[in-house]
Amino acid sequence: MDSFLREQIDVLGVPGAAVAVVRDRRQVHSAAFGRADESGRAMTARTPVLLASTTKSLTSIAVMQQVEAGRLRLDEPVQTYLPWFTLKDSRSSAITVRHLLHQASGMASKDTAFEASEAQDVAALEEGVRALSESPLAGTPGEAFGYASANYNTLGLLVQTVSGQPFADYMQQHVFGPLDMANSHPTRAAARADNAADGYSRWFGAFWRQTDGPAPTTGMPSSTMYSSAQDLGHELMALLDGGRYGGARILRSDSVEAMFESRVQVDGSKRYAMGWFTRPLVESADPAAPPVHEGTLPLLLEHQGEWGNSHTYLAMIPSARLGVALVINGNDTAAPSRLKAIDTNLLRILHGRPPVPAVVHEDWLQQYSWAVSLALLLAELLSLWLALRFLLARRHAPAGKRWTPLAWAAAALALDGFALWLCLVYAPARFDTHLSVIVRQFPDVGVSLGPALALAVLWPIPRTVWLLLTMRAGPEAKPPELHRPRV
């Protein structure tokens with residue numbers, strides 16, 4: 001495993017990574033590689049990293065603690081605890097606590113995105129959930145799987161409300177403390193005080209650069225808590241041992257079993273439990289042997305975390321009481337499947353199988369989104385230069401060719417329209433989020449997409465008006481010809 005991770009760091013240029021493996025109530029292996037920041041500080045198994053969506057497994061523990069305490073009931077509507085909770089759809093009154101846990105509330109990621117927020121205040125969590133009142137529902141609650149981090153943000157607010165404690169304080173006292181997760185933190189400020197790793201993004205598909213992405217407290221229960229590989233190993237040990245860690249018990253065994261129960265189908269044999277995806281452990285099968293029925297394979301519970309500048313992975317095989325935690329302080333948003341291949345290859349290695357080469361699954365637009373945005377900016381700049389060259393020089397076509405500048409103007413407007421459609425309609429739909437999130441989570445895209453969009457929005461009207469006024473003025477009067485007298 002260590003050899004494989006070193007090789008991946010060298011091949012992909014990943015800044016740093018740490019891994020922990022647990023089995024039968026103890027940590028059997030941990031290792032760290034690469035650097036945590038620009039100073040060259042070494043990554044360690046205790047270095048906090050932004051978790052992204054693996055945060056959800058920690059929040060689900062807090063929710064089930066409140067269920068055990070009798071303060072929350074899984075099949076009770078959210079409005080029982082938050083009477084003001086609503087979305088722009090009357091069906092939202094039927095959303096239950098269980099729907100949120102299983103990502104089956106009907107909320108859509110693109111309509112509830114918060115990832116571009118910079119909020120760091122305590123009140124941001126409730127403000128973010130209240131802001132959902134302007135979001136439509138994409139489906140009927142309880143009907144189908146629909147991944148949206150807003151589900152878990154709402155769960156965090158439920159924990160905060162019924163426990164009477166700020167969510168960050170609750171996690172520190174009732175989850176991190178009992179699990180001896182000393183390097184885990186609910187906020188960016190606390191993580192940085194504990195020497196958290198800097199995040200890195202892969203720019204233009206070529207090099208890694210330290211990138212400060214947003215980590216808003218709005219998304220604390222779903223995406224923006226921090227932890228280390230070693231601490232996540234403590235979480236896995238507790239869940240694999242029926243809710244016990246050392247002398248502490250964070251959950252009853254029946255609550256852990258409820259967490260592992262996958263009630264919603266994602267696709268094929270993949271399902272969703274409470275903060276965990278479940279599927280057959282195909283990585284344990286011998287690739288050289290005849291295919292086996294998936295029903296005979298061990299059950300795997302896993303979750304990946306993807307942020308603009310970090311990648312994390314948690315996996316458990318309950319039948320083997322085996323778990324693995326991986327944290328990487330960087331992400332390649334153009335082709336995240338390269339890092340996801342590391343996750344599945346760790347499972348293969350743990351089961352005595354050789355790793356397989358990564359296969360990039362992302363389509364051409366995601367892989368080369370930085371090139372598309374750069375080309376769009378260059379086209380807008382060329383359009384600006386041509387327009388200014390014509391308008392400032394006051395060049396006028398002959399009467400028979402007056403349509404030429406109009407044709408150029410129409411082409412420029414078409415370019416602007418395409419840029420607006422791509423940025424405001426197609427890209428948000430393609431990536432299931434807001435444009436502001438794309439700009440923040442894809443930093444190499446944002447540096448050119450922002451100026452291109454600004455030109456497409458601000459320049460067309462003054463350019464068109466200036467052109468029409470210039471054409472209306474007609475050609476400048478020519479100076480009279482001087483006739484030389486004949487000799």
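These notes walk through a predicted model of one protein, from its overall build to one sheet and a helix lying across it.

1. Overall build. The protein contains 16 helices and 15 strands. Its C-alpha atoms fill a box of roughly 120 × 55 × 50 Å, taken along the principal axes.

2. Inside and surface. There are 487 residues in the protein, and 53% of them are buried. The exposed area is about 21,500 Å². Carbon and sulfur atoms supply 57% of that area.

3. Contacts along the sequence. Take the contacts between residues at least 6 apart in sequence. Of these, 71% join residues at least 24 apart.

4. Charges. Count the charged side chains: 43 are positive and 45 are negative. The centres of the two sets lie 8 Å apart.

5. The eight-strand sheet. Strands of a sheet pair through backbone hydrogen bonds, and the pairing is either parallel or antiparallel. Here the pairing is antiparallel, in an open sheet with the order β2-β1-β14-β13-β12-β11-β10-β9. Which strands form the edges? They are β2 (26-34) and β9 (264-267), and each pairs on one side only. From one strand to the next, the twist averages 20°.

6. A look at one edge. Strand β9 is joined to β10 (residues 270-272) by three bridges, and the two strands run antiparallel. One residue pair to find is Gln-265 and its bridge partner in β10, Arg-271.

7. The helix across the sheet. Helix α8 covers residues 229-240. It lies across β1 (16-23), β2, β13 (310-317) and β14 (322-328). What angle does α8 make with β14? The helix runs at about 155° to that strand.

Technical notes:
Residues are numbered from 1 along each chain as its sequence is written. This is a predicted model: local features need pLDDT of at least 70, side-chain atom pairs count only at pLDDT 80 or more; totals for chains, interfaces and linings use all residues. Side-chain values use heavy atoms; hydrogens and water are left out. Helices (H or I, at least four residues) and strands (E, at least two) are DSSP runs, numbered from the N terminus. Buried means under 20% relative accessible area, exposed over 50%, partly exposed in between (1.4 Å probe, protein chains only). Contact means heavy atoms within 4.5 Å. Accessible areas come from the Shrake-Rupley method with a 1.4 Å probe; for residues, only the protein chains shown count as cover. Lys and Arg count as positive and Asp and Glu as negative; His and the chain ends are not counted. The place of a charge is taken as NZ of Lys, CZ of Arg, CG of Asp or CD of Glu. Two strands pair if DSSP finds at least two bridges between them. Axes are lines fitted to C-alpha atoms, for helices over the stretch in contact, and angles run from 0 to 180 degrees between N-to-C directions.
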